[in-house]
Every structure is written in C-alpha cells, then in structure tokens.
Amino acid sequence: MSETTSNKLVMSSAQFQKLAKIIYDRAGIHFPESKKYVLESRLGRRLQELEIDSYDQYVSLISMGPYQDDEFQEMFNKITINETSFFRNEPQLEVFEKVTLPELLESRKSTKRLRLWSAACSSGEEPYTLAMIVHRTLGIRLMDWHVEIVGTDISELVLEIAQSGKYTDYALRTTPALVKQRYFKRENAFWVLDPSIQSMVSFQKHNLKDRLGAKRFGQFDVIFCRNVLIYFDDAMKTQVIGTFGQQLREDGTLYIGHSETLRGLDVPFEQLPIPQGFCYRLSDGEED
Ligand SMILES: C[S@@+](CC[C@H](N)C(=O)[O-])C[C@H]1O[C@@H](n2cnc3c(N)ncnc32)[C@H](O)[C@@H]1O
C-alpha cells in the first residue's frame with residue numbers, strides 16, 4: 001500500500017519496480033531506481049485526478065481491464081520528454097542538406113522517389129524541418145519528384161500538435177529568420193506552417209518497440225531517430241536499430257542524436273566519417 005505524507009502519495013520501491021517494468025515492457029523506456037522521484041512527481045497528480053489513493057490501484061488500472069491502453073497513453077504523456085524544435089542541431093542538418101540529400105538526388109534521379117522517416121518525431125518539428133530542407137533544395141523540381149516524409153511517435157498528444165501545424169515561439173527558437181519568413185505565417189499567438197510543407201509530411205502513431213508494425217512503412221532512404229535512444233537500454237537500442245536496418249535501403253543513411261552512439265551495440269551499421277553528422281550506413285553485406 002502507498003502511504004501519504006502531507007497529501008503526497010509515496011511510491012514504494014515495489015510499486016516503482018512494477019510501474020518501471022510495465023513502462024519498459026510496453027515502450028522500452030528504462031527507468032532506473034534513481035529516477036523513482038520522476039515517476040512519483042509526474043504520476044502523483046494523475047492519481048489525484050483519478051481519485052485513486054494508492055499506486056497499487058494504479059498499477060492494476062494500467063495493467064488490466066478495459067482502460068489499460070487509454071491510461072497507458074495518459075501516463076506516457078506525463079512521463080516522457082517531448083523536447084524538440086525546428087532546425088534542432090543545425091550542423092547535423094547541414095550534413096543532411098549538403099551531403100546526404102545531393103547524393104540521393106543523384107542516385108534516385110531515374111525513379112525520382114525519396115522516402116524519409118522521422119522516428120520518435122514528437123510534435124513534428126523534425127519531419128517538417130526535413131520537408132523544408134527538401135523543399136528549398138529541390139525548388140521547382142519538387143513537382144517532378146515523389147517525396148514522402150513520415151513522422152511517427154508513440155504519443156497521441158504530440159502527434160495532434162504535429163498534425164495541426166501550429167506552433168508557439170518556443171518551437172521556433174532555433175529557426176533561422178529566413179526560414180521563419182518563408183515557411184510560416186503568424187496567426188495570433190501561433191506560427192502556422194505553410195500548407196506546401198504540411199502536405200509533404202504524414203504522421204502515424206508507432207511504438208519503436210513494435211518490430212512488425214514498422215514493416216507497414218516500407219523502406220526508407222533516410223531515417224532520423226534523434227534524442228530517444230538515450231531513454232533506452234542496450235537491449236532496446238539493439239532491437240530498434242536492428243529494425244532500422246530492415247527498413248533502410250542499402251545505401252540509405254541513419255541519423256541519431258548528437259549525444260547518442262551505436263558504439264558497443266551488435267548492430268549492422270557503421271558510422272560515416274563526417275564531423276557533426278552522427279550518421280550511419282549499413283555495414284557491407286548486411287543489406288537486404
Ligand atoms: C525528446 S523527443 C525527440 C524528438 C525529436 N526526434 C528531436 O530530436 O527533436 C523524444 C520522443 O520520443 C518519443 N518516444 C519515446 N519512447 C518511444 C517509443 N517507444 N516509440 C516511439 N516514440 C517514443 C516520445 O514520445 C518523444 O516524443
């Protein structure tokens with residue numbers, strides 16, 4: 001049973017272990033015991049909203065019965081970090097724009113098809129940034145190309161924002177002024193994305209743990225998966241990167257976050273020697 005101290009529910013170590021296991025089993029996110037306070041502070045309010053007075057009851061609610069999926073979403077929205085912004089880590093995006101994209105435009109010139117995946121895209125800033133880069137690179141030639149950009153995330157809440165295409169100043173905090181001028185329109189408190197960019201991106205809910213589910217997306221020329229691997233342990237990272245190995249074309253490129261690495265993982269990728277790139281290719285002999 002949970003105890004309360006001055007109206008704050010205390011999560012016991014056993015309750016934390018159960019919750020951490022549910023989160024890991026369903027989403028692959030690893031919460032070490034040292035992060036118990038994070039779950040406690042973020043979920044305390046949720047328990048109050050539900051008028052539940054013990055974490056044991058809450059564990060039952062998210063692990064069985066008709067509301068478990070809905071409640072898992074609610075919980076997930078509270079415990080994950082959705083931090084993102086347009087043009088996040090510009091030096092890395094420059095590598096995409098100046099190296100990967102020109103190579104792809106050359107190698108795909110006969111089919112004129114490009115497919116990009118922003119996996120764990122949060123509220124859409126990352127896939128829309130890729131769309132703007134492709135848009136400004138191709139210019140009028142875009143009419144001849146079939147460009148598909150898919151943004152996926154496990155959280156429905158962030159995908160709703162992504163689909164709205166409406167953002168606050170905060171989302172544009174790392175956006176170059178010219179981009180802002182060209183691709184956004186100010187509407188009251190919001191920056192509204194230009195329809196030409198919005199129409200280049202589609203969004204779907206997808207859990208990176210779901211290997212089979214990823215197959216429905218088909219193969220991509222580029223996969224961006226930035227700033228989510230840090231929440232996974234090595235087993236989950238290996239699984240997710242292994243899936244990307246299946247979903248990436250043999251000459252495709254995988255981009256990860258600047259504080260993430262695939263070093264030490266048993267995965268079929270090798271890092272490209274491009275400073276600031278944090279990008280990988282399938283190792284020889286591993287492509288389908
Ligand atoms: C910090 S954001 C990164 C957003 C963007 N990629 C960037 O770098 O700006 C991490 C995102 O990963 C999502 N996420 C966490 N676990 C996930 C999982 N198992 N499957 C899919 N998305 C997940 C979260 O919902 C969150 O939106």
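Reader: Why are H1 and H4 called roughly perpendicular to each other?

Author: In this predicted model, the axes of H1 (residues 13-27) and H4 (residues 68-79) cross at roughly 100°. Angles of 65 to 115 degrees count as roughly perpendicular, so H1 and H4 are described that way. The axes also come within 12 Å. Local features here need pLDDT of at least 70 and side-chain atom pairs 80 or more, while totals for chains, interfaces and linings use all residues. Residues are numbered from 1 along each chain, and side-chain values use heavy atoms, without hydrogens and water.

Reader: Which residues in H1 meet H4?

Author: Leu19, Ile22, Ile23, Arg26 and Ala27 do, facing Gln68, Asp69, Phe72, Met75, Phe76 and Ile79 in H4; contact means heavy atoms within 4.5 Å. These residues divide into eight nonpolar, one polar and two charged.

Reader: What makes the pair of Thr84 and the ligand a polar contact?

Author: A polar contact is a pair of N or O atoms within 3.5 Å. A side-chain N or O atom of Thr84 is 2.5 Å from a ligand oxygen atom, so the pair fits that definition. For Arg88, the distance to a ligand oxygen atom is 2.8 Å.

Notes:
Axes are lines fitted to C-alpha atoms, for helices over the stretch in contact, and angles run from 0 to 180 degrees between N-to-C directions. Helices (H or I, at least four residues) and strands (E, at least two) are DSSP runs, numbered from the N terminus. Angles under 35 degrees count as roughly parallel, over 145 as roughly antiparallel, 65 to 115 as roughly perpendicular and the rest as oblique. Ala, Val, Leu, Ile, Met, Phe, Trp, Tyr, Cys and Pro count as nonpolar, Asp, Glu, Lys and Arg as charged, and the others, Gly among them, as polar. A polar contact is a pair of N or O atoms within 3.5 Å; within protein, one must be able to donate a hydrogen and the other to accept it, and residues adjacent in sequence count only if both atoms are side-chain atoms.
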